[in-house]
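Thanks for sharing this one. Here are a few friendly notes to read alongside the model.

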Amino acid sequence: MVGENGTYDVVIIGAGVVGCAIARELSRYELKIGVLEKEPDVGFGTSCRNSGVVHSGINYKPGTRRAVLDVRGNSMMDKICSELKTPIKRIGKLTVALSENDLPGLYKQRDQGLANGVPGMELLDNEAMQKIQPGIEGILGLWTPSSGIISPYGLTIALAENAHTNGVDFCLEHRVDGIKRNEAKNIFEVEASDLSDGGRKKFFRARVLINSAGLHSDEVSRMAGVGGGVIWACRGEYYVLDKRLDGSLKTLIYPVPGPNDPGLGIHLTPTVDGNILIGPSASYIPDEDREDYRATAKIMQSLRMEGQRLLPGLASGDFIRNFSGNRPKQTPPEVGGNADFTIEETESPGFIHLQGIESPGLTSSPAIAVEVRGIVERRLEMKKRTNFIAERRGFVGHFSHLPREARMDMIHAEPEYGEIICRCEGVTKKEIRDAIENPLGARTLMSIKYRARAMMGRCQGGFCIPRITRMLRDEYGYAPEDYRFRGGGAYMFTGVVRRRGASE
Ligand SMILES: Cc1cc2nc3c(=O)[nH]c(=O)nc-3n(C[C@H](O)[C@H](O)[C@H](O)COP(=O)(O)OP(=O)(O)OC[C@H]3O[C@@H](n4cnc5c(N)ncnc54)[C@H](O)[C@@H]3O)c2cc1C
C-alpha cells in the first residue's frame, strides 16, 4: 500500500471486477496506477454478489454498449481465465418458453442474438431440450452454447492480484470522500479516509481519475462536480443449494424475460464450485439502503417454492444459505428495464465515469477495461511494458481436486497440504496460509473464504472457523478485536471470556 500523498498517472476508484479489470489492462503500460477501495478487500460490492454467468449477448438491444461489450467480453473470457488460473465452464444456456405467450419474447432474444453476433444459437423443441437437460418443461428453447459460468469473486481477486504483480498499488479501506480538479497543474486531488486507521485523511493525486464505484458512482461523480446520473439500487436475493445436487443441472435454464423486467427472471444457476443458486429476485430498495444486502423472509419463501418446483426432490436441508446483491440501476422503479452502460470521459478532462454497470458487467468487464484504456490513451502517453506478466503464478487451484499422486507429491514437499482445516470443502492448512498471506494484504475471514473456499460448505464454517481463528491467533498474533468477518463493524469477538489454563 502507498503512503500519504500518493501521486499516480491513474487512480481508479472502486475495486470491483470492473475496476480490477481496468487496473490489469492498464498495468500492461508504463503507468503508475493506484486503486482506492473503501472495503477491506476487492470484490466486496456487487462483484461477489451475482450469478457468475458469462452471458452470451442475446438479452441486449443491438448496437447498445451492453450488447457489444457483452459479446466481446464473453469472447475474451477463456484466455483471461486461463492466464489467471480461475475456472470457467462453457455449459451453455437454455432460455425456455413455457407457453405460446412466451414465444414473441423468445424470438426477440433470438433476433437480438443474431444481430449481436452470438455464435452457435439454435431453437430447440422439447425433445431436443431433453437431450441437454432431462426432465425440462417448455415448448421451445433458445440454446446458446457460448453461455458459461465463472467464479465472480475468483476472477475479481485474480485480476487484482495479477495487476498488483504488475505494479498496481491497491489501497484497501480507503474511502474516497472528496475530489478537486487542480486546473493549474492539470491533475485531480483526491481526498480519502483510511478506515483502517480511524478514518485518517490521506491525499492522492492523479492525472486521470476513473470512477468505477458501482452503487456509489453517482455520488463519486458529484464529488468531482460532474453531472453523472442517479443510481437506484435493485436487490436480487438468492438461495444457495448444497453440493449434493452437483450434476443435476447440466446447463443454465432461464425463463423468457418480460419487456420491462428489471432482471432476467428467477433461474437455476450451477456454480463452478458445484453448488446451485436459485434467484435472483428483483426489488428496488430505498436509496439509503444501497448496500443493505439482507435476504427477506418473503422472497426466501418464494425462492424455496420455485426451487422445489424446478428441482423435484429438493429437501429443506439442501438450502444451505442465502445472499443478495444490488443492481446499480439507472432507471427508476416506475420505468424498470435497463439503461445502457455509461462509460465516458466527462466534461472534466481526464475524469472517466462508469455508471449503471449492472448485468452483464461481470461478463463485459475485460471488454470494458479495453474501452476505458482507449479513453485513457487520449490523455496519457501509453508505452507498453516489456515485462508485463500475464500469467498468475504459483498454485491457486483446489488441492482436493488434484489427482491422488499429485496430492501426495505436494504433501511430501509441503506437509501443511496434509492437514485438513475445512472438512466440507477439503481445504488444507497450506491453502489457508496462502489465503491469509495474499499479496493484497486483505485480512478478513471473508477474504480467506473467497480465496481458499473454506467456510463455503454445508456446515458454513462451523468446523473450520475455530481452526482458522486459532491459526490467526497463534501464528499471526491476532488479538480478539482484530478479527472481522467482512468489512466495517463485522467484528467476530468482543474480548477474552476465559483464559487458557484458567481453573473454571
Ligand atoms: C443480482 C445480480 C446478478 C448479476 N448476475 C450477473 C451475471 O450473472 N453475469 C454478469 O455478467 N453480470 C451479473 N451481474 C452484474 C455484475 O455483478 C456487475 O455488473 C459487476 O459486478 C459490477 O462490477 P463493478 O466493479 O462495476 O461494481 P462493484 O463490484 O460494486 O465495485 C464497486 C466498488 O467501488 C467501491 N466504492 C464505492 N464507493 C467508493 C468510494 N467512495 N471510495 C472507494 N471505493 C468505493 C465499492 O466498495 C465496490 O467495491 C449481476 C448483478 C447483480 C446485482
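1. The chain is assigned three stretches: domain 1 (6-47 + 153-230 + 339-379), domain 2 (88-148 + 231-329) and domain 3 (399-482). These bounds come from an automatic or database domain assignment. Please keep in mind that this is a predicted model, where local features need pLDDT of at least 70, side-chain atom pairs count only at pLDDT 80 or more, and totals for chains, interfaces and linings use all residues. Residues are numbered from 1 along each chain as its sequence is written.

2. Domain 1 and domain 2 have C-alpha centres 31 Å apart. Their contact (C-beta atoms, placed from the backbone, within 7 Å) takes 11 residues from domain 1 and 11 residues from domain 2. On the domain 1 side, three nonpolar, six polar and two charged residues touch domain 2.

3. Now to the ligand. Of the 41 residues around the ligand (C-beta atom, placed from the backbone, within 6 Å), those that come nearest are Gly 14, Gly 16, Gly 45, Gly 214 and Gly 361. Two or more residues of this shell come from each of α1 (17-26), β10 (174-182), β18 (319-329) and α8. Both domain 1 and domain 2 supply at least three residues to the shell.

4. Helix α8 (residues 361-379) deserves a look: the helix bends by about 40 degrees at Ala 367, the angle being taken between axes fitted to the seven residues ending there and the seven starting there. Buried residues of α8 (20 or more other C-beta atoms within 10 Å of their own, all placed from the backbone) include Gly 361, Pro 366, Ala 367 and Val 376.

Key
Contact = placed C-beta atoms within 7 Å. Nonpolar A, V, L, I, M, F, W, Y, C, P; charged D, E, K, R; others polar. Helix = DSSP H or I, 4+ residues; strand = E, 2+ residues; numbered from the N terminus. Buried ≥ 20, exposed ≤ 12 C-beta atoms within 10 Å, placed from the backbone.
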